[in-house]
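These are my notebook entries on a structure that I looked up. I begin with a question and then work through the entries in turn.

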Amino acid sequence: MRPIVIAQDLSKTFPLHHRVLSVKERLMNVVRGRRGSDEQFDAISHVNFEVAEGESVALVGRNGSGKSTLLKMIAGIHHATGGKLLVRRDLRIATMIELGVGFHPDLSGRENVFLNAAIHGLSREQIDAIYPRVAAYSELEPFMDNPIKTYSSGMVMRLGFAVSINLDPDLFLLDEIFAVGDEAFQQKCLQSMREFKERGRTMFFVSHSAEAVRQMCERAIVLDHGRVRFDGDALSGIREYRRVLTMSPLAVDSARDAVRPTAADAEHSLHRRIVGYKWEEAGTRHLEFLREHGLRPTDHVLDVGCGPLRTGVKLLAYLEPNHYSGVDVDGSMIEAGVRIEAPLAGVDPGRGQYYIGNATDLGAVEGQFDVIWINGLIQDLPHEQTALVLASAIRRLTPGGRMFVAYFDAPDFFSLDPIERPGPCFSYFDRVPRHFDFATLAGYVAAAGGCAERLGEWGDPHGQAMMVVTPVQKVS
Amino acid sequence: MSPETTADPALFEDRAAAVVPLGLGLAGLLRYRELIRNLVLKDLKLKYRGSALGFLWSLANPLAMLVVYSVAFTYIIDIRRPRFVLFLFVGLLAWTFFASTISMATTTIAEAGGLLKSVRFPRTVMPMATVLFNLAQYLMTFAVLLPVMLFVYGVGPAAPMLAYPMVLLLLVLLTSGLALIVATANVYYRDVKHLVEVGLQVLFWATPVVYDLNDVPARLRPLILWSPMSPFVSALHDIFYRQAWPGPAIWTTAAVWSVVVFLGGLLVFLRFEDRLAEQL
């Protein structure tokens, strides 16, 4: 395969205090004998890679790692301060760095398509030729003569993507576009990207989402502080990326130290107060419940929102080693579980894997799971995050796997009045702890390719209801 | 596969070493003519979209100014120039084209930050679209009002009017060059915007729009010719007001101004073009 993009010892530095100076400020700097900005920031340093035609490469790394800068350099928007960046001359390049940029709100959809395609360097004839395809792809034909200020943001996005994908580029540079938009549109984008790949076109894709990278790319370049930390297959790249952040595994060895906690320490500790009362009772009941529903020690279990391992310590003791994985956004909670609760319960926390990160993207978690346990999590999340957590988790179920989701049940979506729960406490429609109606949750599950069933009373000490989710079997 | 053997410079562009040469800069403008066309049409459409009188509004501004200046100079300051309105009309419209282009072009790059940061295209397109938008406005107004003026004053077609396209071409070159310079400078120094506003005020009175270059005392005349617009307005006075061919002095100053400013502006712009997005 012929190379398309070659970076040799590529570097880029930005002045650190980067803003427009007025003439007065520049004069003052001259008078005081100092340069405007001496401090520099190495956005990209000594990067080497070679990308061949037909490769789809993910650029991943935490915020500020240089991935967007690198993308903009390939696009020819930023310019290197050192090394070489060779890009084939005969390529048609499409960039999707910001969606909807270059659209004018007062122009109609049609006029904006023409303007946007022209920005990408197309001639009149070429634009005339692609226009019908753009209109059809965007599914906005009836609205093409309305000014786009009347469009929803989702419609503008659809139009933007429709233009870019129909430019039929040889090299496609995308920056984090799947962060927004409805599920159906995301699926359509992903499908188009797959077709794009199948036609042997080249793509660079900047993303925070391990899930999107997993679906779209074979190769990943992991950047950390402007340097290439890893360059290889996407799955290994995701694993490496997880180490650099977003979802970082907790090193159990460093968390497990010599302090022997006592029952009294734990009883009055902050983490137990945050998680709630009936600590022991709840944990015991959770394991009991799972066993009643067929949990076996050989199952792989993912505990989403595991906190300080209230259920986790029971599962760690019951399951075979390395069959328990816990995810929580709050690292100090997991640490409390590993340091205090596990030793107190007499189990070795080294029997499990722990990930610190947001449960809305589980792409960095290794493996598929027979049982996914979500308890004490979604009542603290807004609806859209709940939907993301469910969608993300469903993809990690084995074909015969089941996901158990505990939630405060409400009779219907607009249950606006607070509902009293044992405790006593209340659940609310519009703030946490939040209640959900089953139909809404089942809808989120169905949209993500799962099937939800509502269980009756299951003896939860906190009075939560239970939903069981199974993945819909794909008929292929 | 070693990069050294595969990276044929004929096939690859080194994005690290990018200062755009003059030739490529002009070729880029040509290649992106569809974008320029779209940008100009966009501005023309948006300017009058939704207004009942539409294009008629673009006649309102020059007509209002003509009335105000005519009244002021004929009845208050008492300039006894025959056919004063025609005289004023010819120079004022050209001046308006120049001044509104320069003041719009100043912010054309600075305000397109989002676009510049996400798509690569020749940045020259933006100020050039501004020039052409204003040119289109100027020509439409001029084409409507000139015949009216000539008819009212009983001026028939005359041979020197054939010089108009040449004057116009030079005027467009001058305006483009200056537009490129102010657009670039304003990205680096936001003071430029204010400087341009003040500068245009001064230039207006340093340019023979409301007075005749021939009436300027001889020792002051070289000073007036330092205003880049002076030879152009003067040439237009010759052509339409006096129906005479502009003299060699006028042609020379006009040509020197426009070629020097245009090439200078283009070189300055291309020199900084690739860094504009990073500055915004």
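In which sense do strand 4 of chain A and strand 1 of chain B pair, and over how many bridges? I looked this up first and noted that the two strands pair in the antiparallel sense, over three bridges. I should record at once that the model is predicted.

**Entry: the two chains**

I found the bridge partner of A:Leu86 in strand 1 of chain B, where it is B:Asp14. I then looked at the contact between the chains in full. On the side of chain B, 33 residues are in contact with 39 residues of chain A. The elements of chain B that give two or more residues to this side are helix 1, strand 1, helix 3, helix 6 and helix 13. Helix 3 of chain B gives the most, with five residues. I also sorted the residues of this side of chain B by character: 14 are nonpolar, five are polar and 14 are charged.

**Entry: chain A in outline**

I noted 16 helices and 20 strands in chain A. The chain has 476 residues, of which 46% count as buried. I then considered contacts in chain A between residues at least 6 apart in sequence, and 73% of these join residues at least 24 apart.

**Entry: an open sheet**

I traced an open sheet of six strands in chain A, with the order 5-6-7-3-8-9 and mixed pairing. Its edge strands are strand 5 and strand 9 of chain A, each of which pairs on one side only. From one strand to the next, the twist averages 15°. Within chain A, strand 3 (residues 56–60) and strand 7 (residues 202–206) pair in the parallel sense over four bridges. The bridge partner of A:Val57 in strand 7 of chain A is A:Phe204. I remind myself that strands of a sheet pair through backbone hydrogen bonds, either parallel or antiparallel.

**Entry: strand 14 of chain A**

Why is strand 14 of chain A described as largely enclosed by the rest of the structure? I found that five of its six residues are buried, so the description follows. Strand 11 (residues 301–304) of chain A runs parallel to strand 14 of chain A and is joined to it by four bridges. Here A:Val304 stands opposite A:Ile374. Strand 15 (residues 397–410) of chain A also runs parallel to strand 14 of chain A, and five bridges join them. In this pair, A:Phe369 stands opposite A:Leu397.

**Entry: the largest nonpolar core**

I met A:Ile374 again here. The largest nonpolar core has 205 residues, and A:Leu59 and A:Ile374 have the most contacts inside it. Helix 8 of chain B supplies the largest share of this core, 14 residues. Domain 1 and domain 2 of chain A each give the core at least three residues. Leaving aside residues up to four places away in sequence, I listed what A:Ile374 touches; among them are A:Val304, A:Ala393, A:Phe404 and A:Val405.

**Entry: A:Ser45**

I closed with one residue, A:Ser45, which lies in strand 2 (residues 40–52) of chain A. Is A:Ser45 buried or partly exposed? I counted 18 other C-beta atoms within 10 Å of A:Ser45, so it is partly exposed, since a buried residue needs 20 or more. Not counting residues up to four places away in sequence, A:Ser45 touches A:Ser11, A:Gly226 and A:Arg227. A:Ser45 and A:Gly226 are 181 residues apart along the chain, yet their C-alpha atoms are separated by 5.4 Å.

Conventions:
Residues are numbered from 1 along each chain as its sequence is written. Chains are lettered from A and ligands numbered from 1 in the order in which they are written. This is a predicted model: local features need pLDDT of at least 70, side-chain atom pairs count only at pLDDT 80 or more; totals for chains, interfaces and linings use all residues. Two residues are in contact if their C-beta atoms, placed from the backbone, lie within 7 Å. Ala, Val, Leu, Ile, Met, Phe, Trp, Tyr, Cys and Pro count as nonpolar, Asp, Glu, Lys and Arg as charged, and the others, Gly among them, as polar. Two strands pair if DSSP finds at least two bridges between them. A nonpolar core is a set of buried Ala, Val, Leu, Ile, Met, Phe, Trp, Tyr and Cys residues joined through C-beta atoms within 7 Å. A residue is buried if 20 or more other C-beta atoms lie within 10 Å of its own, exposed if 12 or fewer, and partly exposed in between; C-beta atoms are placed from the backbone. Domain bounds come from an automatic or database domain assignment. Axes are lines fitted to C-alpha atoms, for helices over the stretch in contact, and angles run from 0 to 180 degrees between N-to-C directions.
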